[in-house]
Amino acid sequence: MIKKLEKQNNFPIPSPHNLTIHELTRLVGDDVTPRMVRHYHQLGLMPQPVRSPSNYRLYSEQDVQRLKRIVALKRQGFQLSHIHKLLEVEPESERETLMTLLQQQYRTVMQQIAQLRQTATALEGLLGRDQHCQIVQSEALSQLKQLEVEAQVELGGLELLWNNLDAQVHAHPEAFQESLQRLLPDLSDRSEIEIDLLSQLILACGDVSLVPFVHLSKSPEQNAIAAARQALKSGCAIVADTTMVATSLDQTRLAHLGCTLETLIENPHIHNATEVEEEFWRNHPLQEKVNQLPKGCIVVIGYAPSMLLAVCEAVKTSAIQPALIIGMPIGFSHAPAAKRQLMKSAVPHITIKGTIGGGLLAATTLNSLVASLLSKPDCHCYLKRAKFEIK
């Protein structure tokens, strides 16, 4: 490893038995600085090193590996306090203690998220006001300044503020796109189709914080949007995991494009992710059905993580060659793992990282891509008898 680093960086790497702090950080990489290492010493994350006769800190191979573990855990989203527990409580006999500590820390993080969500909701309530509400919005900002003075005297003032704002919402319909323009992060580096897709996903779930978790493959070989448009133009097959997803798709536009619609789990009595997952494991012919998906199809998975794992495995073994996979199952362990497998696959894909997902978001994704090809009709009846130009 050391010789490889020497070749890549064009500088000699010293023996990992007497590294200085600068040599340590250079060897570990990932933008680690000496200041960060000293901070880790203060927190107890890194043990205090031995000192040279000149009072320089000296680090060993064990220190290198520990710092790499810290960096890797930070990259996965763990806070330093969590990392400290993970590194210190290693023996098998203390696993229950570790799990209890992590559960407590998880609850603390969730409380912080809830508080931040409350703050975001308050800001959205002001920033999300459209042009018709601008006068009311200005009055609200003035009232907020006054509340800073009166808060200790009249705690009900904030509730009165929202009541006054909410009294205006009956005067006109909500202008969703206008509100989104104020709330969306900078998307200037995204294409128009991708911005519309993100906007539709936000409107489907009401959560602007979803944006950084949406992942679209964008390499020239795996461009999700280009692959989707090409497949849809050619009248590809659409394969949905459940009838819940299939019924949410824009079947009129799909029919206009000549796309067929198939459903893997056709049982109409299955209504949630738990039932979908159980059905997939119970129904072995269904698992075989995954290996027979038509070439060039678009797969839309909104519920069962095991189904997405099976699809990824079928892609890996070249059993199937879909044009695009929209993988957005729900779950707390298998779903994030399935999505990571999807993001490593060699097929164009769209997913939402982590536990977030669901049939509505999966269907919304495909519907947004379909709508990018066809002009929006006034109604579905008009769509059936009119000719639309594919852009």
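## A nonpolar patch on the surface

Tyr106, Met110 and Ile113 together make a nonpolar surface patch of about 300 Å². The model in which this patch appears is a predicted one. Of the three patch residues, Ile113 can be placed in helix α6, which covers residues 95-127. Ile113 counts as partly exposed, because its relative accessibility is 44% and the partly exposed class lies between the buried limit of under 20% and the exposed limit of over 50%.

## Nonpolar cores

In soluble globular proteins, nonpolar side chains tend to be buried together. In this model the largest nonpolar core has 69 residues, and the residues with the most contacts inside this core are Leu232, Ile238 and Ile298. What is Ile238 in contact with, once its neighbours within four places in sequence are left aside? The contacts of Ile238 are with Leu232, Leu249, Leu254, Cys259, Thr260, Leu261, Glu262, Ile298, Val300 and Leu366. Leu232 and Ile298, named above with Ile238 for their contacts inside the core, are thus themselves among the residues that Ile238 touches.

A second core, separate from the largest one, is made of 18 residues, including Leu19, Val28, Val64 and Val71.

## Salt bridges around Glu194

The structure holds five salt bridges. One of them joins the side chains of Arg190 and Glu194, with an N to O distance of 2.8 Å. The two partners fall into separate accessibility classes, since Arg190 is partly exposed at 23% relative accessibility, whereas Glu194 is buried with a relative accessible area of 5%.

Glu194 also forms a salt bridge with Lys218, for which the closest N and O atoms are 3.1 Å apart. Where in the chain do Lys218 and Glu194 lie? Lys218 belongs to the loop between β3 (214-216) and α11 (224-233), while Glu194 is part of helix α10 (residues 192-205), so this pair ties together parts that are 24 residues apart in sequence. Lys218 is partly exposed, its relative accessible area being 47%.

## A salt bridge within helix α14, and the network

Another salt bridge links Arg282 to Glu279, with the closest N and O atoms 2.7 Å apart. Both of these residues lie in helix α14 (residues 273-282), where they are separated by three residues, about one turn of the helix. Arg282 counts as exposed at 55% relative accessibility, whereas Glu279 is buried, with a relative accessible area of 13%. Elsewhere, Asp189, Arg190, Glu194 and Lys218 are joined into one network by salt bridges that share partners.

## Positive phi outside glycine

Which loop holds Asn55? Asn55 is located in the loop between β1 (50-51) and β2 (57-58), and Asn55 has a positive phi of about 70° although this residue is not a glycine. Asn55 is exposed, with a relative accessible area of 51%, a value that places Asn55 in the exposed class because that class is set at over 50%.

Ser318 likewise is a residue other than glycine with a positive phi, here near 65°. Ser318 is found in the loop between α16 (305-316) and β7 (324-327), and at 55% relative accessibility Ser318 counts as exposed.

Methods. Residues are numbered from 1 along each chain as its sequence is written. This is a predicted model: local features need pLDDT of at least 70, side-chain atom pairs count only at pLDDT 80 or more; totals for chains, interfaces and linings use all residues. Side-chain values use heavy atoms; hydrogens and water are left out. A nonpolar core is a set of buried Ala, Val, Leu, Ile, Met, Phe, Trp, Tyr and Cys residues joined through side-chain atoms within 4.5 Å. Buried means under 20% relative accessible area, exposed over 50%, partly exposed in between (1.4 Å probe, protein chains only). Contact means heavy atoms within 4.5 Å. A salt bridge is a side-chain nitrogen of Lys or Arg within 4 Å of a carboxyl oxygen of Asp or Glu. Helices (H or I, at least four residues) and strands (E, at least two) are DSSP runs, numbered from the N terminus. Patches are made of residues with over 30% relative accessible area and no salt bridge: like charges are joined within 9 Å, nonpolar side chains (Val, Leu, Ile, Met, Phe, Trp, Tyr) within 5 Å. Accessible areas come from the Shrake-Rupley method with a 1.4 Å probe; for residues, only the protein chains shown count as cover.
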